[in-house]
Amino acid sequence: MANIEAVETAAFPVQEPGAAGVGKPFLPGLVVRNVAAGYGVQIGRKLIPLASIPYLARVLGPDGWGQVAFVTSLAELIVILVEFGFTLSATRSIAHHRDDPVERGRITIGVLCSQAMLATLGVALALLGSRFIPLLREHPALLAAGLVYAVVQGLVPIWYFQGTERIRLGAVIEVCAKSAALAALFIFVRGPQHAWRALAIQALSPAASVVIGLRLACANISWRPEWEMVRAVMIEGWHMFVFRSAESIYGVANAFVLGLFAPATMVGYFASAEKVSKATAGLSNPIRESLYPRINNVIHQDKGEARRLALIGVGSMIAVGLMFSLVLFFFAQPIVNMLMGGSFEPAVKVLRILSPLPLALSTTYSCGQLCLLPLRKDRTVLRVVVCAAVVNLVCSFTLGPRWAHIGMAITVLISESVVAASLAWNVLRLRNVH
């Protein structure tokens, strides 16, 4: 661990504000490098998988693609359970105790023990529920691949790297693993009968990240679990878990919900457009992921600096989100033709409906995670997200059965817009108060 830190320091020397000969920069040097590394993570997490879409869409077809999307959506729900909001709560705790290796180690082991129990619970519930869902019951190999993906993706310790502001390591691990998985897709997935392989190969990347990431995160710390700490991290993560669970209803569960009353082909049309729009929206995430731990670290010593960084983050993310929303709206047709092919023509309309998502999600994440959560306004964020989840459920079962993939796209747009507008309003109220 020490060797890795020495190499990082030598390769990327840090010049913080106040250092000799250095004026106060627009952003601290470490934050700038973490943003750059975060874009490396997004290449691994979003753009590399997007490179697989043209191949898989043509090899699997709308029906096979829809099956994979349905099971992936179920897997993402289990990921939410295993993560238990630790991506937000544990990142905040690790950032606060970044200079205390003993406490940092206790938090790390507490999170890992909690996740092991939650993963066991998630798999058991999925196996029980699969008995009542025909698509899962008829494709056991696809279900098994989805469960493996869910567990390993949920265990990726990104919260540790974000909390210690060592995102570059996570970026290198994830990009390398995703690149290897992309090559495996081209080799082993040859037809619709290989749909389960497509999902199983997706599990290889987070599995590698878990093995390497945990080895780095857990070096030189005690492996003896402290059950009081397990309880403490779960209590700390509870609000974030409820927040993420409610968010998942309109964020990652849409393809699963649609698949309950629509054919797999319709799920394929919707999921392909949703995947493109959300992958594009994710290109603003490195700004948020890099500033979130820094703001949580400095807010206790310098609220003015924390406010300055938050405003920079909000403005930057909204500008990036607006740009990508315009691109998706005006270039929906060529994007779908290039990525999915002619058999996915109905997805063009879905993508145009979902084109405002990059702007809406940039507003949501910047206002929520850069402004409200560092101020411990967890309940405010939770109320907004729960209300949006209720709106999503009502619209899903109203518009979905009537207009299938089009109805679900409208549902997602309504839900995400409600969240973005509500969080932005709450941030403006805070500024008026202060």
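Q: In this predicted model, which helix is the place of R92?
A: Keep in mind that we're looking at a predicted model, not an experiment. Go along the chain to residues 86-96, and you'll find R92 sitting in that stretch. The helix there is α3.

Q: Is R92 buried or exposed?
A: Let's go by the cut-off, where buried means under 20% relative accessible area. R92 comes in at 3%, so R92 is buried.

Q: Which residues does R92 touch, not counting residues up to four places away in sequence?
A: Let's start with a partner that has a distance attached: the side chain of R92 makes a polar contact with the side chain of E236, at 3.3 Å. Now widen the search to contacts, leaving out residues up to four places away in sequence. The list is then E236, Y292, N296, L373, R376 and D378.

Q: How many salt bridges does the count come to?
A: Here's the basic idea: side chains of opposite charge can pair when their charged atoms come close. For this model, one such pair is R376 and E236, whose side chains meet at 3.2 Å, N to O. The full count of salt bridges is eight.

Q: How many residues apart are R376 and E236?
A: Their side chains meet in a salt bridge. R376 is in the loop between α17 (357-372) and α18 (378-433), while E236 is in helix α10 (residues 227-251). The pair links distant parts of the chain, and the separation is 140 residues.

Q: Are R376 and E236 buried, exposed or partly exposed?
A: Between the buried limit of 20% and the exposed limit of 50%, a residue counts as partly exposed. R376 has 47% relative accessibility, and E236 has a relative accessible area of 29%. Both values fall in that range, so the label for R376 and E236 is partly exposed.

Q: Why are E274 and K278 separated by about one helical turn?
A: These two form a salt bridge, with the closest N and O atoms 3.5 Å apart. Both ends are buried, E274 at 9% and K278 at 17% relative accessible area. They're about one turn apart because they lie in helix α12 (residues 264-281) with a spacing of four residues.

Q: Which helix holds E305 and R308?
A: Their side chains meet in a salt bridge at 3.0 Å, N to O. E305 is buried at 10% relative accessible area, whereas R308 is partly exposed at 25%. They're three residues apart, so about one helical turn separates them, and the helix is α14.

Q: Which residues do salt bridges that share partners join into one network?
A: After that pair, E305 (buried) and R308 (partly exposed), let's look at salt bridges that share partners. They join into one network made of R92, E236, R376 and D378.

Q: How many disulfides does the count come to?
A: A disulfide needs two cysteine sulfur atoms within 2.5 Å. Among the cysteines, C113 is buried at 18% relative accessibility, and C395 is buried at 14%. The disulfide count is zero.

Q: What is the accessible area of the nonpolar patch on the surface?
A: M323 is a handy way in: it's found in helix α14 (residues 303-330) and is partly exposed at 46% relative accessible area. It forms the patch along with L322, L326, V327, F329, F330 and F331. Together they have an accessible area of about 680 Å².

Notes:
Residues are numbered from 1 along each chain as its sequence is written. This is a predicted model: local features need pLDDT of at least 70, side-chain atom pairs count only at pLDDT 80 or more; totals for chains, interfaces and linings use all residues. Side-chain values use heavy atoms; hydrogens and water are left out. Patches are made of residues with over 30% relative accessible area and no salt bridge: like charges are joined within 9 Å, nonpolar side chains (Val, Leu, Ile, Met, Phe, Trp, Tyr) within 5 Å. Accessible areas come from the Shrake-Rupley method with a 1.4 Å probe; for residues, only the protein chains shown count as cover. A salt bridge is a side-chain nitrogen of Lys or Arg within 4 Å of a carboxyl oxygen of Asp or Glu. Helices (H or I, at least four residues) and strands (E, at least two) are DSSP runs, numbered from the N terminus. Buried means under 20% relative accessible area, exposed over 50%, partly exposed in between (1.4 Å probe, protein chains only). A polar contact is a pair of N or O atoms within 3.5 Å; within protein, one must be able to donate a hydrogen and the other to accept it, and residues adjacent in sequence count only if both atoms are side-chain atoms. Contact means heavy atoms within 4.5 Å.
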